[in-house]
2 protein chains.
Amino acid sequence: MTLADTIASRLVRRLQNIDDLLVEEQRALMALPMEVRTFAADQDIVAEGERPTRCCLVVEGFLFRYKLVADGKRQIFSFHVPGDVPDLHSLHLGHMDHSLASLTDCTVAMIPHRAIDELMATRPRLAQTLWRKTLIDAAATRAWMISLGRRSAFARIAHLYCEMLVRLEAVGLATRAQARLPITQSVLADALGLSLIHVNRTLAEIKRSGLIVRDGAMVSVPDWAALVQAADFDPTYLHLRSRGD
Amino acid sequence: MTLADTIASRLVRRLQNIDDLLVEEQRALMALPMEVRTFAADQDIVAEGERPTRCCLVVEGFLFRYKLVADGKRQIFSFHVPGDVPDLHSLHLGHMDHSLASLTDCTVAMIPHRAIDELMATRPRLAQTLWRKTLIDAAATRAWMISLGRRSAFARIAHLYCEMLVRLEAVGLATRAQARLPITQSVLADALGLSLIHVNRTLAEIKRSGLIVRDGAMVSVPDWAALVQAADFDPTYLHLRSRGD
DNA sequence: CGCCTATTTGATCTGATTCAAACAATGTGG
DNA sequence: CCACATTGTTTGAATCAGATCAAATAGGCG
């Protein structure tokens, strides 16, 4: 198995989470041309305003999407794990209305739009699967909105960890009980619409509650059901096949 | 021109806002089967958990999408104006992860998924346009997220009015200076993640500032540039062709 | 060591929430 | 035509979750 095979199989696995793929469709995905690149942590991979000609498949590490606001504040919209294609929308939207950046050191594979277009032209079912993926992304964004609009700081943080653990589990990179998730407190703040200081204090409170144990980048959850309840978490919006859609 | 023609032409006009349509594509859209229905204000049109077999085209009036949270709170995700298809995502997502409801008395046209699927199979370019439409929706959701996460109550309200005025203008239902927009304060609160009382007080402040003049459902904006600045509004995310994409 | 980034703590302030109640407009049935 | 429910708006007062300002601490790393 070549490197490219390993990479493409990650994409296949990710898409299998949301839709059935025929063997030929899997093969076609594996045959996509891709250029592998690495980035250090905290680098823009695609910047707001650009007109990308390629999509970005996460191979290793974590990415996030964000936008800067008038007075220098930042809002983070989503985190991305291996197997995700965070800028799939660039296929049909002229320019980026936000930026895509590396959270950690990471490896990504750039896939030309043209190759994806050709693939979808010959395999319409795959086009549907990819469309579906962008729709699931949108559903996750709405779930995030609920946190921002209607949840306490405590529940926001709990909810984010619930989502990330389930997603990492789905791609085989963690269990619900434990994962490596290197999110700093200031990133957490910009993701959840809170101040860094308040995140720090709420995190201390969560630690006291015992719902989440953080040790550096390692996160563990002693009591999943309790965390889910505190977070008001319902994974339906992730539309993962294994959880019954 | 029959009633169905009038209705379908609204859809055509809306899609023309975001993509060029060939004459045959316009004709194909006009030929879509649709069942016209009316709803009183504040009714669920599609409820969370349902598995719709049809999409809903707004003909007249306003709709919104929302989800109820654990303790009875409500988060509104979007408002929809004539020409919109608020649940286009139901085409590829099994069940609704949120509800679609009428904000005002309204008329909608229900279009069977099957008809849309067939249309897209014969006209792949239209499939792309519709996909693109769902992506623009997602972009609007991200813009909304910024308000929830990083803007003051004043700016949130201003931003919402900016967006709605531009969108109403795009479908020919208003100008940037004036529109009919029957949003109550408690709806505003649930849309912007604020309490009703705080919305009321902020609205009073906005009135004092003169940026927005509300008289019942009529909204007017004496100084568009000033409102845009207060809202930190950049319409790029709406990806309207007329505004240069 | 010195530098940098991340975390932690304290003190203070404020935007926004909650509770409570009045008020206005509209519609309904007797 | 009035009594009265209903829904939306407005106002006051008390409280709180979370922001801001300021500064200390801790951990990597060249």
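Here is a short chat between a biologist and a modeller about a predicted model with chains A and B and DNA strands C and D.

Biologist: Before we start, what pLDDT do local features need in this model?

Modeller: Residues are numbered from 1 along each chain as its sequence is written, while chains are lettered from A and ligands numbered from 1 in the order in which they are written. This is a predicted model, where totals for chains, interfaces and linings use all residues, side-chain atom pairs count only at pLDDT 80 or more, and local features need pLDDT of at least 70.

Biologist: Okay, the two protein chains. What kind of axis relates chain B to chain A?

Modeller: Two copies of a chain are related by a rotation about an axis and a shift along it. Here chain B goes onto chain A with a turn of 180°, a shift of 0.0 Å along the axis and an RMSD of 0.0 Å (superposed by least squares on the C-alpha atoms of residues with pLDDT of at least 70 in both). That is the relation of a two-fold axis.

Biologist: Which element gives the largest share of the side of chain B that touches chain A?

Modeller: The contact takes 34 residues from chain B and 34 residues from chain A, where contact means C-beta atoms, placed from the backbone, within 7 Å. Strand S5 (74-80) and helix H4 (124-150) of chain B give two or more residues each (helices, H or I with at least four residues, and strands, E with at least two, are DSSP runs numbered from the N terminus). The largest share, 16 residues, comes from H4(B).

Biologist: And how many residues on that side of chain B are charged?

Modeller: The classes first: Ala, Val, Leu, Ile, Met, Phe, Trp, Tyr, Cys and Pro count as nonpolar, Asp, Glu, Lys and Arg as charged, and the others, Gly among them, as polar. With that split, the side of chain B that touches chain A has 13 nonpolar and 12 polar residues, and the charged ones number nine.

Biologist: Now inside chain A. Which element gives the largest share of the side of domain 1 that touches domain 2?

Modeller: Chain A is divided into domain 1 (3-141) and domain 2 (152-243), with bounds from an automatic or database domain assignment. Their centres, taken over C-alpha atoms, are 23 Å apart, and 18 residues of domain 1 of chain A are in contact with 15 residues of domain 2 of chain A. On the domain 1 side, helix H1 (3-16), strand S5 (74-80) and helix H4 (124-150) of chain A each supply at least two residues. The largest share, four residues, comes from S5(A).

Biologist: On to the DNA. Which element gives the most to the surface near DNA strand C?

Modeller: 13 residues surround DNA strand C, with Gln185(A), Ala153(B), Ser195(B), Ile197(B) and His198(B) the closest (near means a C-beta atom, placed from the backbone, within 6 Å). Helix H6 (185-192) and helix H7 (196-209) of chain A, along with H7 of chain B, give two or more residues each. The residues divide into six nonpolar, seven polar and no charged. The element that gives the most, with four residues, is H7(A).

Biologist: Which element gives the most to the surface near DNA strand D?

Modeller: Around DNA strand D there are 13 residues, and Ala153(A), Ser195(A), His198(A), Thr184(B) and Gln185(B) come nearest. By class they are six nonpolar, seven polar and no charged. With four residues, the element that gives the most is H7(B).

Biologist: Let's look at H7(B) itself. At what angle does it pack against H6(B)?

Modeller: Gln185(B), Ser186(B), Leu188(B) and Ala189(B) of H6(B) meet Leu196(B), Val199(B), Asn200(B) and Leu203(B) of H7(B). The two are roughly perpendicular; angles under 35 degrees count as roughly parallel, over 145 as roughly antiparallel, 65 to 115 as roughly perpendicular and the rest as oblique. Axes are lines fitted to C-alpha atoms, for helices over the stretch in contact, and angles run from 0 to 180 degrees between N-to-C directions. The axes lie 8 Å apart, and the angle is about 105°.

Methods:
Two residues are in contact if their C-beta atoms, placed from the backbone, lie within 7 Å.
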